[in-house]
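Trainee: I'm new to this structure and would rather know one part well than skim the whole thing. Please pick a single charged side chain and take me through it closely, then show me how the rest looks around it.

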Protein chains: 4
Amino acid sequence: MGNTWGRLFRVTTWGESHGAGVGAVIDGCPPRLALSEADIQPDLDRRVPGQSAIVTQRKETDTVRILSGVFEGQTLGTPISLEMSNLDMRPGDYREVMEKYRPSHADYTYEAKYGFRDWRGGGRTSARETAGRVAAGAIARKLLAVRWSVTVVAWVSKVGTLTVDCDVEKVTREQVEATPIRCPELATAEHMIAAVEAARKDGDSLGGVVTCAVRGCPAGWGEPVFDRLEADLAKAALSLPASKGFEIGTGFAGTDLRGSEHNDEFYMESGRVRTRTNRSGGVQGGITNGETIYFRVAFKPTATIMREQRTVSVAHEDTTIKGRGRHDPCVLPRAVPMVEAMTTLVLADHALMQQAIASP
Amino acid sequence: MGNTWGRLFRVTTWGESHGAGVGAVIDGCPPRLALSEADIQPDLDRRVPGQSAIVTQRKETDTVRILSGVFEGQTLGTPISLEMSNLDMRPGDYREVMEKYRPSHADYTYEAKYGFRDWRGGGRTSARETAGRVAAGAIARKLLAVRWSVTVVAWVSKVGTLTVDCDVEKVTREQVEATPIRCPELATAEHMIAAVEAARKDGDSLGGVVTCAVRGCPAGWGEPVFDRLEADLAKAALSLPASKGFEIGTGFAGTDLRGSEHNDEFYMESGRVRTRTNRSGGVQGGITNGETIYFRVAFKPTATIMREQRTVSVAHEDTTIKGRGRHDPCVLPRAVPMVEAMTTLVLADHALMQQAIASP
Amino acid sequence: MGNTWGRLFRVTTWGESHGAGVGAVIDGCPPRLALSEADIQPDLDRRVPGQSAIVTQRKETDTVRILSGVFEGQTLGTPISLEMSNLDMRPGDYREVMEKYRPSHADYTYEAKYGFRDWRGGGRTSARETAGRVAAGAIARKLLAVRWSVTVVAWVSKVGTLTVDCDVEKVTREQVEATPIRCPELATAEHMIAAVEAARKDGDSLGGVVTCAVRGCPAGWGEPVFDRLEADLAKAALSLPASKGFEIGTGFAGTDLRGSEHNDEFYMESGRVRTRTNRSGGVQGGITNGETIYFRVAFKPTATIMREQRTVSVAHEDTTIKGRGRHDPCVLPRAVPMVEAMTTLVLADHALMQQAIASP
Amino acid sequence: MGNTWGRLFRVTTWGESHGAGVGAVIDGCPPRLALSEADIQPDLDRRVPGQSAIVTQRKETDTVRILSGVFEGQTLGTPISLEMSNLDMRPGDYREVMEKYRPSHADYTYEAKYGFRDWRGGGRTSARETAGRVAAGAIARKLLAVRWSVTVVAWVSKVGTLTVDCDVEKVTREQVEATPIRCPELATAEHMIAAVEAARKDGDSLGGVVTCAVRGCPAGWGEPVFDRLEADLAKAALSLPASKGFEIGTGFAGTDLRGSEHNDEFYMESGRVRTRTNRSGGVQGGITNGETIYFRVAFKPTATIMREQRTVSVAHEDTTIKGRGRHDPCVLPRAVPMVEAMTTLVLADHALMQQAIASP
């Protein structure tokens, strides 16, 4: 279980790293949305390994096929099945993983849960699993853009100890894509790239933070109590591999402030209710207020490092292990399309939820 | 929608602040668990307003009644209906809220969503709604303790700019309950209480952080991909009123580290797989590894302050508003049982999920 | 589990026959629907025991209270909590049930499932549980009428071996309510009443069939594949106590026909697509076609009879049992509002599902 | 929506008749179940078109591929993705369907719902969609057999006006498979085959009934109130194409009886609680009692006939249509594996539900 997201815009993903492929089935996408593989492939290409010198060199092309749910260029309202075949499978690289648990990976916990695991490339725990999410997210992104003019853009705002603080109202996808590190501030981006290179040379890895902004969202999306919009965004963020934290609006830093410093006062602007500040991050009481939604997601340093570490074997004996093969020294650049994808899935689902109760 | 939590241990809450009462229905609690109101009331008493000088003086007694699902002192396996009548309803206090949107409250967003709202005490957006969660959580807590010896304890680790860093392996509920601020370190607790008092005198409010530890959890709980344990914990945390952030293990601070500094090495201890450090926070790849789970939840400063603020009216005219009545200058002490409750709901649900797929 | 119905219009019921009460929580009812207890009570009064000489004489008044979700006479969009206190509790009547399993009741199966049961009046297995459904159904009924002008009417079409075949386009609630047996054809109704009386005198019981018609339903409601409208109607019907069969349109009798005799030809009428016949029962491929939906639900004879029957004790010894107390010799009249309630719940849910994917 | 079945053993199907293929994703299958394509293919071969002279001659081979979730011959606990490519696509056969609504098909209702439809072979409404269900059901069947020794067997008990009444305790799959009509009584089977042939020659079609028996089911499966086992079985049955009715135990015929004639008396047999008769059909109050579960499903005559019928065009003009191409004159033989598949999906789901609440 656990492989389905959403209530009305529902995504189920499947696939192991070194099986036949990975994929997703989307049930609940409204009919008559213009859709082809060309709408999906660009986001997959941003997630794909091997796209630049600072990410893993595993050669997947992640070419998506739409197997159902689209006819004559439009969605039918029926399930959309997406498939990406696995091409670059080298099980030989992973023989040591069969016998030992990699530190801070899920080898041990999967075995504790299921009594059995696919040790080839991490099986289902591989970041390859996120290809299905990114593909599904591209459909949600198109729906949001076409129906409600909502846009989602994410970027790398921290790598190791290097941080930037960009204006959440202004960052564009073009700025983000200008460098392989996906940090929109070029000067810092270069330092970040250098830091990743240095870590790689040390056989080590770095963590960081992705910031995400949603613009153009109407007021009124989000459900009370358990399914608040920020609750679903937090779940979406923490469902990503290597993520360890989520904060919306002022987040943890906002706890330093007093209420008089933190509250967002309302005012009228051209007949529309606005807030003078946006410390809430576009959401109040779980429901959007029409301001830009923004939040940050923390990713730990990549667990696989090219250094010897102590661990235990599947036979429960103390031993050591040393990573090898093709790995990201820093997941942050590839995490950007993943965060965007999960965000679009959350929003598309809530958009349909809101439509369900609206007056006809 | 949005008022139900869980897949197998399911909780649905209901109730507005100034309606007839609040309550919860729990569907999926296993049969033959010894249960009475006495198991539930203590947690409610920790959440209740008026329990100390530093929280709101609204006089609710939150006396819980079990209306169904329990017979001869044991659960039947049928839905457990819990009800807490509302006693101290003073709609007169809230007349201004009828006409104006309180800054950083959900008055405006609820109206944007539903075209209608209960302005008495915030209606469904009131923290009073959490009484149903806390009551349900007490049942989950008992189930976890009886069946799996799992314990959950939370505490206030930050108020305004005052912080403590307690050992997540050692804090006890007794230490937490020793002061009304629910910070287990007594010296800091006194400073925190003074800070809350000072904020109150200024008609202002403070935010802070709750830390939560889960001990005794077996390895193997949590579902892959979307329903990772930490994803559900993050959603649970962000579903609480005024929460703005969640981090597990090293969280945001962990992004400063390199992989070689962050990884948790495995070793054998008395035949059991353990990790030498616990920077992961007890979860790897979404599944528990048997170590203590710990995480932090950020709460913004209380939105209601006794100062004049600019806002807009329901007629969409610029105006001002000033809080009055009985409000918490700092929600942190009362947030502790709420965080515990949501945590127990997450864990009970995952425990049953794991039991469903176990070999008979 | 199993106590929640629906995806968007969600109903969770609770309560045992001799506990504090029974109730329901409705999550997902759209906001701004005019609603008060007066909209609900009439349907409950049709379900209540003791309403006529031919049903059980248990004295429940089933007075409903709305505890949440309604403010100033309108729904808020938040959960609507309904409660009906239990008044006429006589546990003494049921002592024998504590020690023996009643034939064709759920005493044994509940004990097999839960290892424990509430023997007082059947506990959760009592038809008293349906009060929550009927109350929730009354809200769904109002929503359907106000928003889509859809009406639902059911009647008794068979008692024992006595049958009527009424025009599903024409039966009115007034005709149904004209006699306590709820058969709209007066001559047959009298024979049915006599048959029930005769069975009662014999300490025996009768079964029968309820027919239900839904008029005014637009084309396009229902989801493909698993959640076809007729699939949900069948589940709704078979979820009722004592129900053993469901058929829509021509149902089982239609299997005698050839395709050329059974197909419903289309034609245009005043710009609207109609069918010349309606053997399909208003649904094709799981989706409404705009014609009247009609179906039949079979109810077995009441299991409780005033005769000695062989059975086994909870100690697993062969023994005998004889019913006593207050029981319906025929559940059919009281099943009518239950079938209507479940039907409205199915339709309201599908109406919102369809609205969710409609073009804005 | 509507393309997912189950709560714990969850199946999502996808695919149109003339798209790239059809398939299913199973999430929730317990780990370490031995599984390969060889477990699935036999059931698909029973559903496949062209298997005998009395079914459609469309040439699908329905060769299944397992794309994920199985490693070294065992299930991983992760999603199992199944795919069957479409081979025999002849869109040319269906051009008339593009312009006209076929009577008693779902062409019109899909267009009313989605404003758009795939007219090639009925698209998603084609019985080809059931291949995904049958494949998923084969996995559920294996799980039930291996873990709980539960077996499911269905057969054709009525074709047109020809009926058989077989002993639900004794029919074997071998008897069922002995003739292409899948009626275990050979003499009647021959008459049925002749009747189908006669209908085909007339360009007409026949309906009928499938009876299904579940043997070896332990007592205690099924959830109270809305998710009764018979409610889920009814939904499963009515979700199949062309199905119009469901009855369990004595069903509609049982309404002729009095309670004293209908009740199933309990007795002890070798330390086990048994019933002397089984008019209930193995279920009481929604929960299995350990006796054989049996039920009947009505299927209408195939809607596609080789005769001219009146209908309307998509342009809403009166017209006529005449079926051509390759169609089943009687769906009953191919409905047998479909009914079995849905039954195993219901049971596997309930088995896991029961395991979730069992004492550890």
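Mentor: Let's start with a word we'll need: a residue is buried when its relative accessible area is under 20%, exposed when it is over 50%, and partly exposed in between, using a 1.4 Å probe and protein chains only. This is a predicted model, where local features need pLDDT of at least 70 and side-chain atom pairs 80 or more, while totals for chains, interfaces and linings use all residues. Residues count from 1 along each chain as written, chains are lettered from A and ligands numbered from 1 in written order, and side-chain values use heavy atoms, without hydrogens or water.

Our pick is C:Arg10, which sits in strand 2 of chain C, residues 10-15. Strands here are DSSP runs of E at least two residues long, and helices are runs of H or I at least four long, both numbered from the N terminus. Lys and Arg count as positive, Asp and Glu as negative, with His and the chain ends not counted. A salt bridge puts a side-chain nitrogen of Lys or Arg within 4 Å of a carboxyl oxygen of Asp or Glu.

So what does C:Arg10 do for a partner of opposite charge? C:Arg10 is buried but has no salt bridge, and the nearest side chain of opposite charge, C:Asp27, is 5.6 Å away. There is a backbone oxygen to look at instead: that of C:Gly6 lies 2.9 Å from a polar atom of the C:Arg10 side chain. Contact means heavy atoms within 4.5 Å. Setting aside neighbours within four places in sequence, C:Arg10 touches B:Met1 and B:Arg10 from chain B, plus C:Thr4, C:Trp5, C:Val25, C:Ile26 and C:Asp27.

Now hop over to chain A, which has 9 helices and 18 strands. Strand 3 there covers residues 21-27, and 7 of its 7 residues are buried. Both of its faces are covered: A:Gly21, A:Gly23, A:Val25 and A:Asp27 on one side, A:Val22, A:Ala24 and A:Ile26 on the other. Strands pair when DSSP finds at least two bridges between them. Strand 2 (residues 10-15) runs antiparallel to strand 3, joined by 6 bridges, and the two form a hairpin with 5 residues between them. One bridge links A:Val11 with A:Ile26. Strand 3 also has 6 bridges to strand 7 (residues 80-85), again antiparallel, with A:Val22 partnered by A:Met84.

Zooming out, 71% of the 360 residues of chain A count as buried.

Definitions and conventions: A polar contact is a pair of N or O atoms within 3.5 Å; within protein, one must be able to donate a hydrogen and the other to accept it, and residues adjacent in sequence count only if both atoms are side-chain atoms.
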